Protein chains: 4
Amino acid sequence: MIVIMDSGADEEEIQEVEKRIRSFGYGIHRSTGENSTILGAIGSPREDVKEALEAMSSVERVILVSPSFMLVSREFKKEKTAFKVGGVEIGGGKVVLVAGPCAVEGRESYLQVAEAVKKGGADILRGGAYKPRTSPYSFQGLEEEGLKIMAEARDITGLPIITEVLDQHSVEIVARYADIIQVGARNMQNFKLLTELGQLNKPVLIKRGMSATIEEWLMAAEYLLSSGNQRVILCERGIRTFETTYTRNTLDISAVPIVKELSHLPVFVDPSHGTGKWKWVPSMSLAAVAAGADGLLVEVHTAPKEALCDGPQSLIPEKFSQMISSLRGVAQTVGRTL
Amino acid sequence: MIVIMDSGADEEEIQEVEKRIRSFGYGIHRSTGENSTILGAIGSPREDVKEALEAMSSVERVILVSPSFMLVSREFKKEKTAFKVGGVEIGGGKVVLVAGPCAVEGRESYLQVAEAVKKGGADILRGGAYKPRTSPYSFQGLEEEGLKIMAEARDITGLPIITEVLDQHSVEIVARYADIIQVGARNMQNFKLLTELGQLNKPVLIKRGMSATIEEWLMAAEYLLSSGNQRVILCERGIRTFETTYTRNTLDISAVPIVKELSHLPVFVDPSHGTGKWKWVPSMSLAAVAAGADGLLVEVHTAPKEALCDGPQSLIPEKFSQMISSLRGVAQTVGRTL
Amino acid sequence: MIVIMDSGADEEEIQEVEKRIRSFGYGIHRSTGENSTILGAIGSPREDVKEALEAMSSVERVILVSPSFMLVSREFKKEKTAFKVGGVEIGGGKVVLVAGPCAVEGRESYLQVAEAVKKGGADILRGGAYKPRTSPYSFQGLEEEGLKIMAEARDITGLPIITEVLDQHSVEIVARYADIIQVGARNMQNFKLLTELGQLNKPVLIKRGMSATIEEWLMAAEYLLSSGNQRVILCERGIRTFETTYTRNTLDISAVPIVKELSHLPVFVDPSHGTGKWKWVPSMSLAAVAAGADGLLVEVHTAPKEALCDGPQSLIPEKFSQMISSLRGVAQTVGRTL
Amino acid sequence: MIVIMDSGADEEEIQEVEKRIRSFGYGIHRSTGENSTILGAIGSPREDVKEALEAMSSVERVILVSPSFMLVSREFKKEKTAFKVGGVEIGGGKVVLVAGPCAVEGRESYLQVAEAVKKGGADILRGGAYKPRTSPYSFQGLEEEGLKIMAEARDITGLPIITEVLDQHSVEIVARYADIIQVGARNMQNFKLLTELGQLNKPVLIKRGMSATIEEWLMAAEYLLSSGNQRVILCERGIRTFETTYTRNTLDISAVPIVKELSHLPVFVDPSHGTGKWKWVPSMSLAAVAAGADGLLVEVHTAPKEALCDGPQSLIPEKFSQMISSLRGVAQTVGRTL
């Protein structure tokens with residue numbers, strides 16, 4: 001950490017700050033510049049120490065030189081994290097396709113989509129049984145009934161299933177059915193939920209918060225890893241920007257190469273939520289794979305017009321199958337399979 | 001709701017959309033313009049119906065004319081909501097002062113601040129026992145021990161206490177001690193938590209999410225009211241903007257008059273989190289009261305330099321007392337007391 | 001346009017608004033809903049009429065149903081705009097590569113880069129002679145001397161040149177040398193400059209403003225087209241988001257398919273400014289082409305460490321050449337050449 | 001400046017960077033930490049040097065410790081800048097009221113507003129003769145005719161006038177009529193225009209860009225001061241945020257105390273553009289004065305419903321006069337007059 005002293009700080013004040021820095025167990029390098037003195041605090045960066053020092057009136061600013069995440073970083077673990085769920089390898093050479101409707105709305109319709117996306121080339125089934133909704137008056141999901149339908153679809157298709165957990169009370173029940181547990185964007189900083197999921201023996205996919213920085217997203221994953229769970233997938237799903245007329249969110253494709261350099265964890269992209277419109281899903285899927293994504297989460301619905309949730313962003317199975325062949329070409333170009 | 005048809009939509013497609021609109025129980029007005037047809041759907045706006053219609057390829061866009069919140073709105077309830085907590089009236093003529101440290105760090109230091117802010121003019125005591133921290137390695141709060149210390153401070157000072165609940169598992173224990181329960185910015189869209197708090201018989205203060213729109217914030221409060229809790233306080237605490245060098249957040253003072261027009265609920269302002277620096281707390285407190293705030297949440301710490309959390313934004317008790325007299329002048333000018 | 005009346009508006013007020021709407025030459029459809037009356041104003045949307053109506057106290061809101069741009073839209077012109085500059089077709093089947101250093105810093109170094117990028121596969125040379133700098137104390141460019149060097153590079157390589165115009169006073173001189181004139185992000189809404197460039201007989205590339213919406217960007221292009229210039233290229237160069245630690249801007253790849261649907265104009269992407277770091281340029285170039293970009297603007301410098309401007313985002317010629325072959329694979333997959 | 005070396009950098013690379021730092025005339029302090037070496041570059045911060053160093057692959061990041069503005073800073077000039085325009089002191093004890101319509105639309109209507117606001121208590125007249133409009137099809141202002149009308153209003157009322165200059169070609173003509181020249185938000189980084197205005201002998205009011213940081217805004221003012229103009233006013237006018245339903249912009253009241261600490265220049269606030277709705281102008285005016293603003297820019301129009309520009313945000317003269325007395329109370333409380 002770098003402690004920048006106020007330009008008016010005198011020797012006594014500087015020594016007071018140095019004493020405080022040492023009290024936290026850090027070594028010190030003092031550097032006297034033209035206008036201000038800078039103290040290098042030698043040791044691991046800590047957010048709370050930064051705050052404690054910034055509370056001193058002779059301190060102008062404290063800068064955390066290195067990021068405060070550790071276990072998720074490439075410095076901590078050089079080789080890419082890869083693991084298997086069912087027979088599917090995540091973080092390996094193949095780009096993983098996760099597909100299915102936004103919400104599980106009924107048994108028949110779900111089984112129908114499940115078979116269609118399997119045929120189309122999906123590796124994992126998605127579907128929501130518990131739905132986070134801005135309005136208390138919107139459809140909130142089929143809950144356990146939805147989980148049972150997904151489990152049945154897994155039995156029929158042989159594909160593993162991923163679904164979102166909304167709150168602590170349903171962690172146990174969701175874990176009983178799901179192969180991968182999803183943490184939604186609105187829960188990215190629900191730290192107690194993350195800690196609980198970190199203690200489960202289940203892979204977790206954590207979506208990026210709507211206006212989270214990359215560091216905040218990786219810190220959220222750090223909660224999972226530091227609680228004991230190493231099988232974590234990061235998923236970019238669009239960030240909030242000033243553009244709201246033509247897209248629901250702005251899919252941040254650039255997060256893919258950045259996060260893959262900073263972290264050893266696999267990075268997925270959700271172009272359906274990321275754009276909010278099915279017609280942009282194919283081109284953004286291509287872009288994501290071109291940028292190095294390890295997997296895609298795509299919404300597919302047999303009858304989007306009748307969907308109870310997020311219909312506008314769902315592909316029909318035919319469109320899903322069609323885009324696979326172009327995806328294959330791009331995957332190959334960047335040294336991946338699909 | 002207004003349904004804007006695609007400019008290329010033909011009569012058959014228009015009728016198909018009209019049929020779908022009617023299936024949700026809405027009446028219809030068709031308006032044929034130069035370039036496109038517009039269908040007015042007569043009935044209460046629903047987010048899920050909007051999505052269902054937008055999934056139809058002949059529909060270009062659906063606009064929710066009226067906001068989707070109801071119980072929190074002035075249309076629903078004209079007169080301002082006011083209620084008492086302990087002897088303190090919230091939403092009445094007096095601007096309510098909530099003061100105390102960010103986190104409860106120990107018994108003695110907390111009791112000391114409590115007495116100091118009471119003497120300085122505070123109406124309610126604040127303090128955090130459970131702290132949401134970006135990093136799993138930062139101080140997470142004293143938990144129940146902290147709640148006990150706050151309860152003791154209440155006994156000594158006679159002031160009611162407010163503290164944050166972080167997760168569902170601690171709702172019961174926090175409710176046992178607190179007079180008002182606080183929902184933090186990161187939990188503003190933790191819908192399950194909101195539903196539980198809505199069923200409690202305790203006032204709730206809900207902070208605005210870091211990049212929430214005003215409508216999203218009011219929709220979150222709607223979860224509380226629609227679950228049965230009418231004693232809700234809205235609290236502006238700064239939004240995320242591109243300015244990060246000089247402030248931690250940008251305190252959105254303009255939210256005060258806007259929300260007070262849209263809703264009957266009392267609106268508080270937290271200038272400490274809102275700016276992140278104690279030196280800007282007095283001027284922003286004055287601005288908040290000038291803009292019509294019903295209350296202020298101010299961080300006060302007897303030794304900010306030794307605080308384990310958010311020291312940089314805490315006033316010392318002397319500064320707190322000093323600012324009260326200017327606040328009184330502004331309150332008077334806008335027809336309030338303090 | 002749709003005029004939403006205040007829920008309390010009475011018949012007299014509604015008629016007053018209708019009269020005002022008619023005074024602007026619009027037809028009217030009235031639609032009476034449960035809570036409010038909606039007036040459809042039949043005619044072309046106009047921003048100033050919207051404002052005039054919103055000034056009436058009985059009007060709650062006015063919505064411009066269709067976007068206010070016209071000449072740039074696909075509705076106005078269905079077929080993609082394509083034109084030739086030198087021998088290079090812009091907006092055709094081939095993805096156009098524009099390469100060169102950020103600023104022209106000297107004759108020898110520029111000619112060296114020019115020959116290197118030509119050999120590497122560039123179609124057009126870029127370089128800045130007038131540089132917009134946040135600080136008045138930074139290097140501001142070689143001005144006319146820089147233009148002369150670029151012209152010499154054109155003579156030697158046979159490649160057309162593109163360079164930025166900063167202000168009205170230098171329009172004439174820049175136009176004398178350049179084959180394509182670039183408008184930078186900070187000048188996107190310099191409307192007087194746009195009007196002048198619209199009257200020139202030179203193609204113009206207009207970069208998206210740092211926090212511009214897609215509609216604002218297209219409206220800026222509308223200034224060029226409505227002043228008479230049809231040879232316009234749109235260029236996405238990264239928008240400002242909350243992520244500032246790891247990238248300078250967030251490259252909005254999703255803007256490519258969106259703008260290509262809304263407009264007939266060719267869309268380029270600048271991954272160098274868009275990310276601010278050379279190491280992310282190749283993957284974001286691949287993503288841009290996968291998403292359908294018609295061209296790329298890439299910064300290449302033979303000695304980035306000695307660059308006077310934007311060195312961190314410049315590729316060395318070897319890296320530039322290396323990425324071309326992967327780009328070719330992606331281009332082919334999406335039905336383009338390169 | 002602080003140069004953070006890559007954690008993998010070896011001694012040779014560190015020395016190469018040190019050599020480069022010295023070549024720019026800086027002294028060096030080396031500080032060897034646990035994970036990385038940090039070099040303090042002793043001397044004035046320079047944006048271009050930062051970029052040059054960051055282009056070196058062994059450098060991870062360069063941090064400009066002190067801001068890059070100088071002449072506008074309190075370090076450079078401790079006492080507040082105050083100057084007179086006509087008989088009006090700017091930056092003194094009195095809060096300055098600038099009032100008038102958004103655009104000059106005609107002689108009679110302008111003179112009428114001018115007299116009304118004078119009577120209401122205005123110190124300076126505002127009005128736009130050249131209007132920046134997002135759409136080329138909107139009313140662009142009366143140009144010189146508008147300036148003449150303003151000059152006539154000055155003769156009649158005795159109040160100085162302020163008006164916006166849009167482009168370089170009209171600098172001379174605007175300067176001939178105006179007492180203060182305004183630079184709009186969209187031109188905040190039109191550096192060539194700023195340089196020209198810096199060479200004029202006229203006070204300049206510079207509005208904050210729509211998504212500008214405080215440092216960028218002060219750097220823009222630095223262009224004016226470094227070109228020779230010391231009579232500069234900073235004006236906050238609302239920044240772009242995610243809230244667009246209820247306000248046009250989000251007025252950043254917190255910018256007032258921050259900028260007043262960083263700079264000696266007077267700070268004005270424009271609550272009319274800042275909110276976009278006249279009904280929020282009075283409360284935000286009160287908040288601005290409470291926060292320490294040196295002046296207000298308020299839009300007043302005798303017939304806002306017929307305004308050709310920004311009617312929704314204009315007060316009628318009666319409302320303007322009414323708010324003055326509350327403003328006076330707040331001004332007094334914070335030690336100012338009005």
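These are my notes on two chain-to-chain interfaces in this structure, B with A and A with C.

**Before starting.** I am working from a predicted model, and I kept that in mind for every entry below.

**Entry 1: chain B against chain A.** I started with who touches whom. Chain B puts 56 residues into the contact, and chain A puts in 56 residues as well. I then looked up the buried area, which comes to about 4900 Å² between chain B and chain A. Carbon and sulfur atoms account for 49% of that. Which three residues give chain B the most of its buried area here? I found B:T134, B:Y137 and B:K305, which together supply 14% of what chain B buries against chain A.

**Entry 2: charges and polar pairs, B to A.** I counted salt bridges next and got six between chain B and chain A. I pulled up the one joining A:E216 and B:R240, where the side chains meet with N to O at 2.4 Å. For polar contacts between these two chains, my count is 23 residue pairs, both partners at pLDDT 80 or more.

I also wanted to know which elements of chain B are involved. On the side that touches chain A, two or more residues come from each of α1 (11-23), α2 (47-54), α6 (191-198) and α7 (214-226) of chain B. Sorting the residues of that side by class, I get 21 nonpolar, 15 polar and 20 charged.

**Entry 3: chain A against chain C.** Moving to the other pair, I see 35 residues of chain A in contact with 35 residues of chain C. The buried area between chain A and chain C is about 2800 Å². Here carbon and sulfur atoms give 70% of the area.

**Entry 4: charges and polar pairs, A to C.** How many salt bridges cross the interface of chain A and chain C? I noted two. I looked at the one between C:K279 and A:E261, whose closest N and O atoms are 2.8 Å apart. Polar contacts across the interface of chain A and chain C come to four residue pairs, again with both at pLDDT 80 or more.

On the side of chain A that touches chain C, I listed α7 (214-226), α8 (255-262), α10 (281-290) and α11 (317-333) of chain A, each supplying at least two residues. Of the elements, α10(A) gives the most to that side, with five residues. By class, I have 19 nonpolar, 10 polar and six charged residues on the side of chain A that touches chain C.

Terms used. Residues are numbered from 1 along each chain as its sequence is written. Chains are lettered from A and ligands numbered from 1 in the order in which they are written. Side-chain values use heavy atoms; hydrogens and water are left out. Contact means heavy atoms within 4.5 Å. Buried area is the accessible area (1.4 Å probe) that two parts lose on being put together, summed over both. A salt bridge is a side-chain nitrogen of Lys or Arg within 4 Å of a carboxyl oxygen of Asp or Glu. A polar contact is a pair of N or O atoms within 3.5 Å; within protein, one must be able to donate a hydrogen and the other to accept it, and residues adjacent in sequence count only if both atoms are side-chain atoms. Helices (H or I, at least four residues) and strands (E, at least two) are DSSP runs, numbered from the N terminus. Ala, Val, Leu, Ile, Met, Phe, Trp, Tyr, Cys and Pro count as nonpolar, Asp, Glu, Lys and Arg as charged, and the others, Gly among them, as polar.
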